[in-house]
Amino acid sequence: VEEEGGGGRLRGMVAAQEDEGQPGCCQLLRLSVDRQCRGLGLGRRLTRRVLEFARESGCRECVLYTSTAQQPAINLYLAQGFRVTMAAEPMPGLALLSWVTNIYVCELRLGLLDAGNSYEGAPVTGRGGHQ
């Protein structure tokens, strides 16, 4: 959580937890930044804090899931070194809605122990495909 001043209004928040199905993997959850504070680097700082937490906790990688409708967030994660590992899958249980709205789920990962972050990225598009 980041607040403005010493008791000011909430500007942003993020959550993280160990991914239950993947030991040694931290899942970044619910990054949110107040609309009035976007573009000021707050999302980047909150993401870095989660990555620091994950490294300190002994995690080997960090994973997150977002939708293709969140392109500014995807760009933020890519700039932090994340790579798309699953691009444009239908929303779970909502394949028809994904197709109609052109909104899909994608997975991004970042290796935390290797300096090269070895994941191969893939561009994110709608309609279930790569660019």
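The exercises below work through a predicted model, each with a solution in steps.

**Exercise 1. The nonpolar core**

Find which residues have the most contacts inside the largest nonpolar core, and which elements each supply at least two residues of this core.

*Solution.* Begin with the core itself, which has 17 residues, and in which Cys-62, Phe-82, Leu-108 and Leu-112 have the most contacts. Then turn to the elements: the strands β3 (25-33), β4 (61-67), β5 (83-89) and β6 (105-111), together with the helices α1 (42-56) and α2 (71-79), each supply at least two residues of this core. As background, nonpolar side chains in soluble globular proteins tend to be buried together.

**Exercise 2. The surroundings of Cys-62**

Decide whether Cys-62 is buried or exposed, and find which cysteine sulfur is nearest to that of Cys-62.

*Solution.* First, take the accessibility: Cys-62 has a relative accessible area of 0%, and because buried means under 20%, Cys-62 counts as buried. Next, list the contacts, leaving aside neighbours within four places in sequence: Cys-62 touches Cys-25, Cys-26, Leu-28, Val-50, Leu-51, Phe-82, Leu-108, Arg-109, Leu-110 and Leu-112. Finally, consider disulfides, of which the structure holds zero. The nearest cysteine sulfur to that of Cys-62 belongs to Cys-26 and is 4.5 Å away; a disulfide needs the two sulfur atoms within 2.5 Å, so this pair does not qualify.

**Exercise 3. The hairpin of β2 and β3**

Determine in which sense β2 and β3 pair, and which residue in the turn has a positive phi.

*Solution.* Start with the pairing: strand β2 (residues 10-18) and β3 run in the antiparallel sense, over six bridges, and within this arrangement Glu-18 stands opposite Cys-26 in β3. The two strands form a hairpin with six residues between them, and in the turn Gly-24 has a positive phi of about 80°. A second case is found in strand β3, where Arg-30 has its place; this residue has a positive phi of about 50° although it is not a glycine. For comparison, most residues other than glycine have a negative phi. Arg-30 is exposed, with a relative accessible area of 61%.

**Exercise 4. The aromatic pair**

Work out whether the rings of Tyr-77 and Phe-82 are stacked or edge-to-face.

*Solution.* A pair of aromatic rings is described by the distance of the centres and the angle of the planes. For Tyr-77 and Phe-82, the distance is 5.8 Å centre to centre and the angle between the planes is 65°. Because an angle over 60 degrees counts as edge-to-face, the pair is edge-to-face. The structure holds one aromatic pair, and both Tyr-77 and Phe-82 are buried.

Terms used:
Residues numbered from 1 in each chain as written. Predicted model: local features only at pLDDT ≥ 70, side-chain atom pairs only at ≥ 80, totals over all residues. Heavy atoms only, no water. Core = buried A, V, L, I, M, F, W, Y, C linked by side-chain atoms within 4.5 Å. Buried < 20%, exposed > 50% of the residue type's maximum accessible area, 1.4 Å probe, protein only. Helix = DSSP H or I, 4+ residues; strand = E, 2+ residues; numbered from the N terminus. Contact = heavy atoms within 4.5 Å. Pairing = 2+ DSSP bridges. Phe/Tyr/Trp six-rings, centres within 6.5 Å; stacked < 30°, edge-to-face > 60°.
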